[in-house]
Amino acid sequence: MTSIRETAEKFNTDDFKGRILFSETMANHTTFRIGGPAPLFIEPFDVPSLRFALSVLKIDAVPYFVLGGGSNIVVSDKGFEGAVVSMSALCHIEADGEYVASGAGASVSSVVSFCTEHALSGLEAFAGLPGSAGGAVYMNARCFDVSVSDVLSEVRYIDGSTLEEKTYRFNAADWDYKISPFQNTQRIVTRAVFKTKKLSEDKKNEIAERCKACVAKRSAKGHYKFPSAGSVFKNNRAFGKPSGKIIDEAGLKGMRSGGAQVAPWHGNFIVNTGGATAADVRALADRIVEIVRQKTGFTLECEIIFCGIR
């Protein structure tokens, strides 16, 4: 069996441009500030290097996890068994008329800022959203009643089985609330193209003000008080009310498990009050699901992803 070090040696070639790190602490790469080490942390600087990295991992049968902005995940305290492939360096953003193309690793904030600077409207609702453009596409992120699928034109992705880069053109039938055609597949998003509306230069301030208003709303809801992964549970329209309200009415705000706590100000946030572990978050999420089920008959569905060694 090929060792991690032997696999890493294969990246010492002109075919790969990027960074290779060993035993990288994943808490440094997630908004929850939780997570153990990745034995091999790979950060390709371009798509050919990404494809090369995936081919090496595939040949050596090394399990891997593709990391975006780390904003919607809880990494095991023991870390990963194999490799983490970070998309953070794939962050180029450019505009072609009313279309904005973004590398998967670009932060959502940087995409929104780019649009504001170029008087391109349509993405203001995502101002202040943590995470990457690729992650937002993967999760079909939704903010203030606007989903990524509402503004998406096309996606470039790597087919994990063939390692070919392909183009997906938006088809509304493939998308739903917090659902995308990239979930539970081997497709790895490399670039997203968003459709915006070009406004006159004197409208930049109006776009910026709408962005500020969205950030202010997030701040008022306590999004930035403690490390977290945002909303823990999906909203289910069949329940008749948001998950946060259901959790609140069940009397669970403020409930703790170790350093993890249901935010006292928002039932659908679990926050890291200091020293929280992945096990704390998992235990608290499981308790919430069970108590809500007992009190209401509803079964909440986790939105955040638990990953790594279980």
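1. In this predicted model, Leu163 counts as buried because its relative accessibility is 11%, and the cut-off for that class is under 20%. Leu163 is found in the loop that connects β11 (152–159) with β12 (165–169). Its backbone also deserves attention: Leu163 is not a glycine, yet its phi is positive, at about 65°. Most residues other than glycine have a negative phi.

2. Arg33 is another non-glycine residue with a positive phi, here about 60°. Arg33 belongs to the loop between β1 and β2. The two strands that flank this loop are partners: β1 and β2 (residues 37–44) run antiparallel and are joined by 7 bridges.

3. Two residue pairs help to locate the β1–β2 pairing on the model. Gly18 has Pro44 of β2 as its bridge partner, and Phe22 stands opposite Leu40 in β2. Strands of a sheet pair through backbone hydrogen bonds, in either the parallel or the antiparallel sense.

4. The sheet that contains these strands is open and has 4 strands, arranged in the order β1-β2-β5-β3, with mixed pairing. Its edges are formed by β1 (18–25) and β3 (64–67), each of which pairs on one side only. From one strand to the next, the twist averages 25°.

5. Which strand pairs with β2 in the parallel sense? That strand is β5, and the pairing extends over 3 bridges. One residue pair that may be inspected here is Phe41 with its bridge partner in β5, Val84.

6. How far is β2 enclosed by the rest of the structure? Of its 8 residues, 6 are buried, so β2 is largely enclosed. Helix α2 (residues 47–59) lies across β2, β3 and β5 (83–86). The direction of α2 is at about 145° to that of β2.

7. A further open sheet also consists of 4 strands, in the order β15-β18-β17-β16, and its pairing is antiparallel. The edge strands are β15 (228–231) and β16 (256–257), each pairing on one side only. At the β16 edge, 2 bridges link β16 to β17 (residues 260–262) in the antiparallel sense. Within this pairing, Ser257 has Ala260 of β17 as its bridge partner.

8. With regard to the chain as a whole, the protein has 7 helices and 19 strands. The C-alpha trace spans about 60 × 55 × 35 Å along its principal axes. For 310 residues, a compact globule would have a radius of gyration near 19 Å, so the value of 20 Å for this chain agrees with that expectation.

9. Burial and surface may be considered together. Of the 310 residues in the protein chain, 49% count as buried. The chain exposes about 14,300 Å², of which carbon and sulfur atoms supply 50%.

10. The final point concerns contacts along the sequence. Among contacts between residues at least 6 apart in sequence, 65% join residues at least 24 apart.

Technical notes. Residues numbered from 1 in each chain as written. Predicted model: local features only at pLDDT ≥ 70, side-chain atom pairs only at ≥ 80, totals over all residues. Heavy atoms only, no water. Pairing = 2+ DSSP bridges. Axes fitted to C-alpha atoms, helices over the stretch in contact; angles between N-to-C directions. Contact = heavy atoms within 4.5 Å. Rg over C-alpha atoms; globule rule 2.2 N^0.38 Å. Buried < 20%, exposed > 50% of the residue type's maximum accessible area, 1.4 Å probe, protein only. Areas by Shrake-Rupley, 256 points an atom, 1.4 Å probe, with all protein chains shown as cover.
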